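Dear colleague,

Please find below the structure that I am handing over to you, together with its sequence. My findings follow directly after it.

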Amino acid sequence: EFFNVLVEDYPKAGIKCVRLDLQNFGYSVRESNDIKYVPPTEMILALMKELDPDGTGWILVGHSMGGSVALETAMQDASQLRAVILNAPMFMANFPKSIGKMLIKKPVLNAFDTMIKYIADYDILFKVMAFFMTFGPLYSLKMDANVMSGPFKMEHTGYGPCFMSYRASKPDTSNLAKQLADVPTQLVLGGLDMFVLPNVAANL
């Protein structure tokens, strides 16, 4: 839903758009202990190659957690990229293994599942959650639960954030300038984001 404006405007300028839901995101399958995990960077690189066999090149755009994935993808292999746009990126953190393993235990997965589905039915609860994550009253009031209601009602939707946190790895940005030397990269802080607190945006 966040990319609606881009997907509507870019084709008018002659730019082909592909909007990708990764595992655990949007309307895609939620991970479980029964599903083999494939790193998102592998999926993106393979898809880009398949859809652009002539090597015209891609502009890779990532929002919030997708910004972290986009950056990791670019650092892993920038040969298929013409540019990278990071929109309010939330750089993932390395969770301690002990906490990560707790997150994917059945009781925790089910608790998250119940909580997210319950919140999706009540716009006011969604706004309260947004406020405690951003401390931005005007931003929170503008949040519309309907935007997320579809993905939030997917089967096992609560499993997504648990497995994402368990799998999360912080991008190593120590050689960022060298790795992306030939790829124009735009950082869009864009004010507030539900998962990017103001102090994090300032550090970026």
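Which helices each supply at least two residues of the lining of the second largest pocket? They are α2, α3 and α9, the last of these spanning residues 159-167. Please bear in mind throughout that this is a predicted model.

**The pocket**

The second largest pocket has a volume of about 300 Å³. Its lining consists of 21 residues, and those closest to the centre of the pocket are Tyr-37, Pro-40, Val-69, Arg-167 and Ala-168. Among the contributors, α3 gives the most to this lining, namely 4 residues. Sorted by class, the lining comprises 13 nonpolar, 5 polar and 3 charged residues.

**Helices α2 and α3**

Two of the helices named above also pack against each other. Helix α2 covers residues 40-51 and helix α3 covers residues 65-76; they pack at an angle of about 65 degrees, and their axes lie 9 Å apart. Angles of 65 to 115 degrees count as roughly perpendicular, and α2 and α3 are therefore described as roughly perpendicular to each other. Their crossing is right-handed. On the α2 side, the contact is made by Pro-40, Thr-41, Ile-44, Leu-45 and Met-48, while α3 contributes Val-69, Glu-72, Thr-73 and Gln-76. By class, this contact has 5 nonpolar, 3 polar and 1 charged residues. Pro-40 and Val-69, which take part in this contact, are also among the residues closest to the centre of the second largest pocket.

**Helices α5 and α9**

The remaining pair involves α9 once more. Helix α5 comprises residues 106-120, and its axis comes within 7 Å of that of α9, with a crossing at roughly 130 degrees. That angle makes α5 oblique to α9. From α5, the contact involves Lys-106, Val-108, Leu-109, Asn-110, Phe-112, Asp-113 and Ile-116; from α9, it involves Tyr-159, Pro-161, Cys-162 and Phe-163. By class, there are 8 nonpolar, 1 polar and 2 charged residues in the contact of α5 with α9.

**In brief**

The second largest pocket draws on α2, α3 and α9 for its lining. Of these helices, α2 packs with α3, whereas α9 is in contact with α5.

With kind regards

Definitions and conventions. Residues are numbered from 1 along each chain as its sequence is written. This is a predicted model: local features need pLDDT of at least 70, side-chain atom pairs count only at pLDDT 80 or more; totals for chains, interfaces and linings use all residues. Side-chain values use heavy atoms; hydrogens and water are left out. Axes are lines fitted to C-alpha atoms, for helices over the stretch in contact, and angles run from 0 to 180 degrees between N-to-C directions. Angles under 35 degrees count as roughly parallel, over 145 as roughly antiparallel, 65 to 115 as roughly perpendicular and the rest as oblique. A crossing is left-handed if the near helix is turned anticlockwise from the far one by less than a right angle, and right-handed if clockwise. Contact means heavy atoms within 4.5 Å. Ala, Val, Leu, Ile, Met, Phe, Trp, Tyr, Cys and Pro count as nonpolar, Asp, Glu, Lys and Arg as charged, and the others, Gly among them, as polar. On a 1 Å grid over the protein atoms alone, a cavity is a set of points where a 1.4 Å probe fits but cannot get out, and a pocket is an open set with protein on both sides within 12 Å along at least five of seven lines; lining residues have an atom within 4 Å of a point. Grid points are joined across faces, edges and corners, and a volume is the space filled by probe spheres set on the points.
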